[in-house]
Amino acid sequence: MAAALFLFGAVAVRAQNADQVARGEYLVRAGGCISCHTDHAGKGPQLAGGRALDTPFGIFYSPNLTPDRATGIGAWSDADFIQALKHGKRPDGALYFPVFPYPTYTRMTDADALAIKA
Ligand code: HEC
């Protein structure tokens with residue numbers, strides 16, 4: 001009985017994660033994250049950053065959003081991600097330039113933000 005309950009729990013958790021990832025993928029597409037965070041010219045991997053964004057303040061290169069712990073955001077906590085996406089603050093507290101359109105994402109729910117991270 002305990003084993004059956006454990007198995008059921010594990011399956012339920014996996015289904016919930018799959019739902020979260022599917023919702024996150026939808027929001028990543030709807031939110032325009034891929035277009036800025038992918039180097040289309042160099043045909044870089046999706047969301048690996050490196051796209052040059054020419055602005056009146058100079059050229060910004062979008063950062064890598066992949067789960068790589070060294071070069072991407074794989075080592076970030078959920079709180080780090082929410083703070084960046086909704087409030088425009090780096091994990092060290094410094095501010096991003098608004099070429100990253102975080103003001104557009106400020107009113108997103110934390111659940112949606114974490115689905116995007118997933
Ligand atoms: C208009 C282009 C643009 C769009 C759209 C965009 N970003 Fe960004 N994003 C940037 C730029 C440029 C930076 C770096 C800003 C800086 O260094 O001050 C950035 C920074 C970030 C960072 C911080 C990464 C780090 O290593 O510090 C995260 C996280 C992020 N974006 C997530 C997202 C997500 C999620 C979406 C979609 C919901 C998104 N961005 C949409 C351009 C964009």
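**Reading the labels**

Reader: Why is F100 called partly exposed?

Author: The relative accessible area of F100 is 22%. Buried would need a value under 20%, and exposed one over 50%. With 22%, F100 falls in between, so it is partly exposed. Please keep in mind that this is a predicted model.

Reader: What makes Y102 count as buried?

Author: Y102 has a relative accessibility of 15%. The cut-off for buried is under 20%, so Y102 counts as buried.

Reader: Why is the pair of F100 and Y102 called edge-to-face?

Author: Two values settle that. The ring centres of F100 and Y102 are 5.7 Å apart, and rings pair when their centres lie within 6.5 Å. The planes of the two rings stand at 70°, and an angle over 60 degrees makes a pair edge-to-face. F100 and Y102 therefore form an edge-to-face pair. The protein has 3 aromatic pairs by this rule, and ring pairs link Y96, F100 and Y102 into a cluster.

Reader: A lysine makes me curious: how do you know whether K86 is buried or exposed?

Author: K86, found in helix 3, has a relative accessible area of 10%. That is under 20%, so K86 is buried. As for its surroundings, K86 is in contact with Y102, Y105, T106, M108, T109 and D110, leaving aside neighbours within four places in sequence.

Reader: What does M108 touch?

Author: Not counting residues up to four places away in sequence, M108 touches L85, K86, A113 and I116. M108 is also among the residues that touch the most other members of the largest nonpolar core, together with V28, L47, F81, L85, A113 and I116. That core has 13 residues. Helix 1 (2-30), helix 2, helix 3 (78-87) and helix 4 each give two or more residues to the core, and the largest share, 3 residues, comes from helix 3.

Reader: Which residues of helix 4 are buried, and why are they said to be on the same side?

Author: In helix 4 (residues 110-117), the buried ones are D112, A113, A115 and I116. Around the axis they cover an arc of only 160°, which puts them on the same side of helix 4. There is a general background to this: an α-helix has 3.6 residues a turn, so residues three or four places apart point the same way.

Reader: How do you know that strand 1 and strand 2 pair?

Author: The test asks for at least two bridges, and 4 bridges join strand 1 to strand 2 (residues 58-61). The two strands therefore pair, and they run antiparallel. They form a hairpin with 2 residues between them. The bridge partner of T55 in strand 2 is G58, while D54 stands opposite I59. Strand 1 also has two faces: L53 and T55 are on the covered one, A52 and D54 on the uncovered one.

Reader: What makes H37 a donor to the iron atom of the ligand?

Author: The NE2 atom of H37 is 2.0 Å from the iron, and the limit for a donor nitrogen is within 2.8 Å. NE2 therefore counts as a donor, and H37 is the single one from the protein. H37 lies in the loop between helix 2 (33-36) and strand 1 (52-55).

Reader: And what is the overall pattern along the sequence?

Author: The protein reads α-α-β-β-α-α, with 4 helices and 2 strands. Of its 118 residues, 26% count as buried.

Methods. Residues are numbered from 1 along each chain as its sequence is written. This is a predicted model: local features need pLDDT of at least 70, side-chain atom pairs count only at pLDDT 80 or more; totals for chains, interfaces and linings use all residues. Side-chain values use heavy atoms; hydrogens and water are left out. Buried means under 20% relative accessible area, exposed over 50%, partly exposed in between (1.4 Å probe, protein chains only). The arc is that of the directions from the helix axis to the C-beta atoms. Donors are N, O and S atoms within 2.8 Å of the metal (3.2 Å for Na, K and Ca); water is not among the atoms, so sites may look incomplete. A nonpolar core is a set of buried Ala, Val, Leu, Ile, Met, Phe, Trp, Tyr and Cys residues joined through side-chain atoms within 4.5 Å. Contact means heavy atoms within 4.5 Å. Rings of Phe, Tyr and Trp (its six-membered ring) pair if their centres lie within 6.5 Å; planes under 30 degrees apart count as stacked, over 60 as edge-to-face and the rest as tilted.
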